[in-house]
Amino acid sequence: MNWFDLKDDVAVVIGGTGVLGGALAEGLARAGAAVAVAGRSAERGEARAAAIRAFGGRAIFVSADAGDAASLEVARQQVIAEFGQPTVLVNAAGGNQPAVTVTADHPFEAINVQAWRESFDLNLVGGALLPCQVFGPGMCAAGVGSIVNIASVSAHLPLSRVIAYSAAKAAVLNLTRFLAREWATRGVRVNSITPGFFPAEQNRKLLFQEDGTPTPRAKSILGHTPMGRFGESQELIGAALFLASRKASSFVTGSDIVVDGGFLAQTI
Ligand SMILES: NC(=O)c1ccc[n+]([C@@H]2O[C@H](COP(=O)([O-])OP(=O)(O)OC[C@H]3O[C@@H](n4cnc5c(N)ncnc54)[C@H](OP(=O)(O)O)[C@@H]3O)[C@@H](O)[C@H]2O)c1
């Protein structure tokens, strides 16, 4: 038996248009799943789906705004029409928003509440809540489902500066466990992955100067990462395959897999 064979699965990757979501979409497709790459950017989504088809995988792009339940429902219907009932949902839409970053010139008390709400809207509401509401009931009705939410090391201990993002990701972990309990007897498992630091679109300016050299914050992150390097997006795939596979992780729900080069294990 191949524990990680997903040929009977239909996976939807929201934020599959991004760096980490895109790598996860490819990884799921290489394991045999039919994959819907979902997001707002048709250009990046179509390119990712084409790359998957180019190696013989099954993939389509579906337009979806994670923050809009109606848009997610349209996407869900498209996936059902093309591949059948989704059995795997990866929630990889999200990211830090610079507008709500705390700095010496912009202290905690100056946080703009509207920007705070936007961070929660992106990372908690669109990043997990609405997709679970839209895709979860169909999975429960079918009695088969694995939901993988993408958290962050900042969900475990808040990183300096990015408190709105950290708090929203902490809520994603909390929601993951709530839904794990809620749907445990209905065939739907709900888990999360906690990535450490992976160069991607939403954190590019945080990590690299214009000339490509690391920022002081990137140096500080690497100094705190026992492996002394950033992650590569492909390094998240193994955790996602494990959680997606109904054979490999049949008794796993409410769990979080940390993929961070040791970041959360480091003190002094
Ligand atoms: N990179 C890291 O180091 C790291 C670490 C921990 C956690 N994460 C998390 O990993 C996830 C993926 O981020 P990434 O680092 O790969 O960044 P990314 O390349 O910027 O991807 C983020 C994706 O989120 C999607 N998105 C944003 N708003 C959306 C919306 N309303 N509807 C649908 N999709 C939306 C974007 O897709 P469209 O523009 O197509 O809508 C984009 O492709 C995020 O949840 C992020 O917080 C990343």
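This tour moves from the ligand to a helix and then to four single residues, naming at each stop what to select.

Before starting, note that the model is predicted, that local features need pLDDT of at least 70 and side-chain atom pairs count only at pLDDT 80 or more, while totals for chains, interfaces and linings use all residues. Residues are numbered from 1 along each chain as its sequence is written, and side-chain values use heavy atoms, with hydrogens and water left out.

**The ligand**

Select the ligand together with its surroundings: 30 residues surround it, a residue being counted if one of its heavy atoms lies within 4 Å, and the closest are Thr 17, Arg 40, Ser 41, Ala 66 and Tyr 165. Helix 1 and helix 5 (163-183) each supply at least two residues of this shell; helices (H or I, at least four residues) and strands (E, at least two) are DSSP runs, numbered from the N terminus.

Next, display the backbone of Ser 41, where an N or O atom lies 2.7 Å from an oxygen atom of the ligand, and then that of Phe 198, where a polar backbone atom is 2.8 Å from a ligand oxygen. At Gly 196, a backbone N or O atom lies 3.4 Å from an oxygen atom of the ligand. The ligand taken alone exposes 870 Å², and the protein buries 92% of that, with accessible areas coming from the Shrake-Rupley method and a 1.4 Å probe, and, for residues, only the protein chains shown counting as cover.

**Helix 8**

Now select residues 237-244, which form helix 8 and of which six out of eight are buried, where buried means under 20% relative accessible area, exposed over 50% and partly exposed in between (1.4 Å probe, protein chains only). The buried ones are Ile 237, Ala 239, Ala 240, Leu 241, Leu 243 and Ala 244. To see what they pack against, add helix 1 (19-30), strand 4 (88-91), strand 5 (145-150), strand 6 (188-195) and strand 7 (256-259).

**Asn 91**

Within strand 4, pick Asn 91, which counts as buried because its relative accessibility is 1%. Its side chain is joined to that of Asn 149 by a polar contact of 2.8 Å; a polar contact is a pair of N or O atoms within 3.5 Å, and within protein one must be able to donate a hydrogen and the other to accept it, while residues adjacent in sequence count only if both atoms are side-chain atoms. Leaving aside residues up to four places away in sequence, Asn 91 touches nine residues' worth of surroundings that include Ile 14, Gly 127, Cys 132 and Ile 150, contact meaning heavy atoms within 4.5 Å.

**The loop between strand 5 and helix 5**

Select Ser 154 in this loop; it counts as buried because its relative accessibility is 2%. Its side chain makes a polar contact of 2.8 Å with the side chain of Ser 152, and, not counting residues up to four places away in sequence, Ser 154 touches Leu 159, Tyr 165, Ser 166 and Lys 169. Arg 161 is found in the loop between strand 5 and helix 5 as well, but it counts as partly exposed, at 43% relative accessibility. Check its backbone torsion: phi of Arg 161 is near 75°, a positive value in a residue other than glycine.

**Asn 174**

Finish in helix 5 with Asn 174, which is exposed, with a relative accessible area of 56%. A distance label drawn from its C-alpha atom to that of Phe 208, 34 residues apart along the chain, should read 31 Å.
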